[in-house]
Amino acid sequence: MQTTEVNDPYLRIEPAEIKALEDKYLFSTYARSDFYVSHGSGAHVYDLAGRRYLDFLSGIAVNSLGYSHPRLIRVLLAQGKKLIHCSNLYYHAYQGMLAKKLADISGMSKVFFTNSGTEAIEAALKIARAYARLNGCETKSAILALKNAFHGRTFGALSITAQEKYQAPFRPLLPDVDIVEDVTVSALEKAFTDRVCALVVEPIQGEGGVVPLPADFLQTARLLCTRYNALLVLDEIQSGMGRTGKFFAYQHYGVEPDLVTLAKSLAAGYPLGAVLGHARVAESLKPGEHGTTFGGGPLACRLALEVLDVIEDERLLARVTELGQYLKQGLQGLASRHRSIGEIRGMGLMIGVDLGSLAKETVSRLLNRGIIANAAHNTVLRLLPPYVISQAEIDEFLRVLDVVLTEIETEPTPNTGAGV
Ligand code: PLP
C-alpha cells in the first residue's frame, strides 16, 4: 500500500462492503468481475489484498503508459496545485499547444476537445451535418456506418453502433443512419448516394473483435467520400495514440481522413477526447453551435502534452511495433499447439485471438492466475497491454495462456444432460 494513502478514511473498506454499497446504490449497468483494484505500477495492478496482476488490457486501451508513470505523476501534482479546471469562456496555456501537436502528428489542422470518446463521435456527427448544410445540401444528412462497429453509448454514437445488444432497448434511434452490412467494397459502393454526409468507421474494430479493415475497403471509402462530397470519419478512439505502432491506425493504410476521433489514451488515464479535422471542415461549426464545460481543461491537456512527449522521448512507437511482433509470434507459436486458437489479428499492441466459445472462460482463468485481459465480442481474447510492457512480461503472459488453454482443452466437455 502506498504510504500517502494510509490516513485516507475512505480506504478503510473491505471488498464485501464495497460490493454491498454498489449493489445497493449504483445503477446496475456493469457486470463487474470480483476484482477490487487498489493501485498500479508499470504494467502491474494490485488488488486490495495486495495481490499483483499483469495488465494486458490497460483499462481498455487507456493506461498506455502503464500505471504511476513518474512523468505523469509529476505533471498531475504540479498542474493539480495550479489549476484543474477553467471554463471554455477563457484561454489557458495548454489547449492550443496540444491542438498544434495533434495537428502536426495527424496532418489535420483543427481540434475540438471533449471529455470522452462518445462525445468526440457526437461532435463529428454534428460537424458532418453542419458541413453538408454549409455546402448548401439540406437533404445531405444520411450517415453510413458498419455492422459490428462500436462508437459509444450516447444517442448519436449508439445509432451508428450497429449491434443489437446495445441498440435494442433504446429505439427509436437517430434517423437517417444506414448500416453497411458487409465489409466489402461492393456493399460500400451500393450504400453510397448523394444523401450521404459522412461515413464513420474504426480502422480496426476494437469491441467488434479486433478486426482490421481490409486496405481496399478503406481506400475505396476514401474515394467514395471524395466522389460524393461526404466526410470520412475515422474513429481512432481505441486504435489511436500509438497503439498500433503508428500514432494513428489509418497511417498504416495511406488513407487521409476528413475527421478523426480520439479519446482513451489521449491523456492516458485522465478523461479527454478530441475531434481532429481539416480547416475546410472545421469551419462549418460557428461559435455557439457546439461546446462543453469540461472538454480540454488545463489538467487534461497538460497531461496529454506529457503523454505525447513521453511517447517521443521513450521511442514508444518503435517499442510498440517490436513488442507487438514479439507477442504475435509468441501467440502463433501457441496456436501450433492449441486447437482452440483460431485467427490472430491486429497491429502493434492491439491484438485479438479468436477463441470462439472459450474466450470468456479463458479471460476468467487468466484473471485467477494474475493476468488481466478481456473478451471482445464474447469470442475474441483482446490484448491491449501498456506500451511499457517488457519482453519478459510478454513471456510470462504467454506461459500462463499456455497453461490455461491446456487446462481448458483437456477438461472433459461438461455434460448438459441433453438426450439422457
Ligand atoms: N469508439 C471506440 C472505437 C471505442 O472503442 C469506444 C469505447 O470503447 C468509444 C468510441 C466510446 O468511448 P467512451 O467510452 O470514452 O465514450
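Q: Is Asp258 buried or exposed?
A: In this predicted model, the relative accessible area of Asp258 is 3%. The cut-off for a buried residue is under 20%. Because 3% falls under that cut-off, Asp258 counts as buried.

Q: Which residue forms a salt bridge with Asp258?
A: The closest N and O atoms of this pair are 3.1 Å apart. The pair links distant parts of the chain, 36 residues apart, with Asp258 in the loop between β10 (231-235) and β11 (259-262) and its partner in helix α9 (residues 215-227). The partner has 16% relative accessibility and therefore counts as buried. This partner of Asp258 is Arg222.

Q: How many residues apart are Arg71 and Glu306?
A: Arg71 and Glu306 form a salt bridge, and their closest N and O atoms are 2.9 Å apart. Arg71 lies in helix α3 and Glu306 in helix α11 (residues 298-313), so the pair links distant parts of the chain. Both Arg71 and Glu306 are buried. Along the chain, their separation is 235 residues.

Q: Why are Arg365 and Glu361 separated by about one helical turn?
A: The side chains of Arg365 and Glu361 meet in a salt bridge, 2.6 Å from N to O. Arg365 is buried at 15% relative accessibility, whereas Glu361 is partly exposed at 34%. Both belong to helix α13 (residues 359-368), and the separation is about one helical turn because they are apart by 4 residues.

Q: Which residues are joined into one network by salt bridges that share partners?
A: The pair of Arg365 and Glu361, 4 residues apart in helix α13, is part of this network. The network consists of Glu361, Arg365, Arg369, Glu407 and Glu411.

Q: How much of the accessible area of the ligand does the protein cover?
A: Polar contacts to the ligand include a polar side-chain atom of Asp235 at 2.7 Å from a nitrogen atom and a polar side-chain atom of Gln238 at 2.8 Å from an oxygen atom. A backbone N or O atom of Phe150 lies 3.3 Å from a nitrogen atom of the ligand. On its own the ligand has 390 Å² of accessible area, and the part covered by the protein is 80%.

Q: How many charged residues does the shell around the ligand have?
A: The residues surrounding the ligand include Glu202, Asp235 and Lys264. By class, the shell has 2 nonpolar and 6 polar residues, and its count of charged residues is 3.

Q: Which residues make the nonpolar surface patch of about 250 Å²?
A: One member lies in helix α3 (residues 70-82). That member is Leu76, which counts as partly exposed because its relative accessibility is 34%. The patch is made by Ile73, Leu76 and Leu77.

Q: What is the phi of Ala61?
A: Most residues other than glycine have a negative phi. Ala61, in helix α2 (residues 58-61), has a positive phi although it is not a glycine. At 1% relative accessibility, Ala61 is buried. Its phi is about 65°.

Q: What is the omega of the peptide bond that joins Arg171 and Pro172?
A: Most peptide bonds are trans. The bond that joins Arg171 and Pro172 is cis, and Pro172 lies in the loop between α7 (164-167) and β6 (177-180). Its omega is about 5°.

Methods: Residues are numbered from 1 along each chain as its sequence is written. This is a predicted model: local features need pLDDT of at least 70, side-chain atom pairs count only at pLDDT 80 or more; totals for chains, interfaces and linings use all residues. Side-chain values use heavy atoms; hydrogens and water are left out. A residue is near a molecule or strand if one of its heavy atoms lies within 4 Å of it. A polar contact is a pair of N or O atoms within 3.5 Å; within protein, one must be able to donate a hydrogen and the other to accept it, and residues adjacent in sequence count only if both atoms are side-chain atoms. Accessible areas come from the Shrake-Rupley method with a 1.4 Å probe; for residues, only the protein chains shown count as cover. Ala, Val, Leu, Ile, Met, Phe, Trp, Tyr, Cys and Pro count as nonpolar, Asp, Glu, Lys and Arg as charged, and the others, Gly among them, as polar. Patches are made of residues with over 30% relative accessible area and no salt bridge: like charges are joined within 9 Å, nonpolar side chains (Val, Leu, Ile, Met, Phe, Trp, Tyr) within 5 Å. A salt bridge is a side-chain nitrogen of Lys or Arg within 4 Å of a carboxyl oxygen of Asp or Glu. Helices (H or I, at least four residues) and strands (E, at least two) are DSSP runs, numbered from the N terminus. Buried means under 20% relative accessible area, exposed over 50%, partly exposed in between (1.4 Å probe, protein chains only).
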